[in-house]
Every structure is written in structure tokens, then in C-alpha cells.
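User: Please take a close look at how the helices of this model pack against one another. I am a first-year student, and I would be grateful for each term to be explained as it arises.

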Amino acid sequence: MYKSYESLIVWQKAHELCKQIYKSIADFPNTERYRLIDQLCRAAASVPGNIVEGSARLSFAEKRHFLTIAMGSLDEAHYYLRLAFELGYLPETTYKHASSLAEEVSILIVRFRRSFR
């Protein structure tokens, strides 16, 4: 029986991280609208998006491929969060919470990817 991507813990956590990132950009300076904000949001949305796309694929190779892309996007988003924090756009508590959630998502992606061998 097909399970919806919404039932996947890895997707739920990635979606939660994406929403947190979108909420955290509210206090970024307007000068970052088409620079850091755009890059951060694209990377953040790519994580759950690629989990969704991979979960719908039939072959294990395709599933692994999209999970690998999700992991790359997660690392990219995490870097942009770090940059935002170091530039003073994010409070430390927000950065630490997002980093912790990103680490959890990373572990879940690796485990999920391994299940398709």
C-alpha cells in the first residue's frame, strides 16, 4: 500500500525546518531580499520538495538520487543560516534551534536513503 509523503517523519521534520526558516527571515534587512533571503528560502524548500519527489519514484536508485539532492539542499540551507547568524540577522536561539533541527533532518535523510538498498 502506498504511504503518503506526509506520513514520513523525514518529510515532517524537513517541512517544519522549512517553515521555521521562512518565519525567521521576517527581520532580515530589505537589502537581502534578492540575495540571502532568496537563496535561503530556495534551499530550505528544496529539502522537503526533493523528499516528496523521491518518495514518489518507483526505483530505489531514483529515490536515493532525490534524497541526495535533498541532503545537498539541507547543507546549503544550513550554511545560509550560519551566514545569516554571523551577519547578525538571526538571534542565537533561532540559529541554534534551526541547526539542531537541520542535524535531525540530516540523520533522518541518511537513514531513509539507506533503506533503499
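Analyst: The answer below goes through the helix pairs, then the nonpolar core, and then some single residues.

This is a predicted model, in which local features need pLDDT of at least 70 and side-chain atom pairs count only at pLDDT 80 or more, while totals for chains, interfaces and linings use all residues. Residues are numbered from 1 along each chain as its sequence is written, and side-chain values use heavy atoms, with hydrogens and water left out.

Two packed helices are described by the angle between their axes and the distance between the axes. Here an axis is a line fitted to C-alpha atoms, for helices over the stretch in contact, and angles run from 0 to 180 degrees between N-to-C directions. Helices are DSSP runs (H or I, at least four residues), numbered from the N terminus.

Consider α1 and α4 to begin with. Helix α1 covers residues 9-24 and helix α4 covers residues 92-114; they pack at an angle of about 155°, and their axes are 9 Å apart. The two are therefore roughly antiparallel to each other, a term for angles over 145 degrees. In passing α4, helix α1 makes a left-handed crossing, that is, one in which the near helix is turned anticlockwise from the far one by less than a right angle. Among the residues of α1 that make this contact (heavy atoms within 4.5 Å) are Val 10, Ala 14 and Leu 17, and those of α4 include Leu 101, Val 105 and Ile 109. Sorted by class, the contact of α1 with α4 has 11 nonpolar, four polar and three charged residues. In this scheme Ala, Val, Leu, Ile, Met, Phe, Trp, Tyr, Cys and Pro are nonpolar, Asp, Glu, Lys and Arg are charged, and the others, Gly among them, are polar.

Helix α1 also packs against α2. The axes of α1 and α2 come within 9 Å and cross at roughly 165°, and these helices are therefore roughly antiparallel to each other. Here too α1 passes in a left-handed crossing. From α1, residues including Trp 11, Cys 18 and Tyr 22 take part in the meeting with α2, whose own residues there include Leu 40, Val 47 and Ile 51. The contact of α1 with α2 comprises 14 nonpolar residues, one polar residue and no charged residues.

The next pair is α2 and α3. Their axes lie 8 Å apart and the packing angle is about 155°, which makes α2 roughly antiparallel to α3. The crossing of α2 and α3 is left-handed. Their contact has 16 nonpolar, six polar and three charged residues.

The helices also contribute to a shared core. A nonpolar core is a set of buried Ala, Val, Leu, Ile, Met, Phe, Trp, Tyr and Cys residues joined through side-chain atoms within 4.5 Å. The largest one has 35 residues, and those with the most contacts inside it are Phe 28, Leu 40, Ile 51, Leu 74 and Ile 109. Each of α1, α2 (36-56), α3 (60-86) and α4 supplies at least two residues of this core. In soluble globular proteins, nonpolar side chains tend to be buried together.

Individual residues add detail to this picture. Not counting residues up to four places away in sequence, Phe 28 touches Leu 36, Ile 37, Leu 40, Ala 84, Tyr 89 and Leu 90. Ile 37 itself lies in helix α2 and counts as buried at 3% relative accessibility (buried means under 20% relative accessible area, exposed over 50%, partly exposed in between, with a 1.4 Å probe and protein chains only). With neighbours within four places again set aside, Ile 37 is in contact with Ile 25, Phe 28, Pro 29 and Glu 32.

Phe 66 belongs to helix α3 and is buried, with 11% relative accessibility. Phe 66 and Asn 50 are 16 residues apart in sequence, yet 5.4 Å apart in space, C-alpha to C-alpha. In helix α4, Ser 106 counts as buried at 17% relative accessibility; beyond its neighbours within four places in sequence, Ser 106 is in contact with Met 71 and Leu 74.

Arg 117, by contrast, sits in the segment after α4 and is exposed, with a relative accessible area of 73%. Residues up to four places away aside, Arg 117 touches Phe 60 and Arg 64.

Note on methods. Angles under 35 degrees count as roughly parallel, over 145 as roughly antiparallel, 65 to 115 as roughly perpendicular and the rest as oblique.
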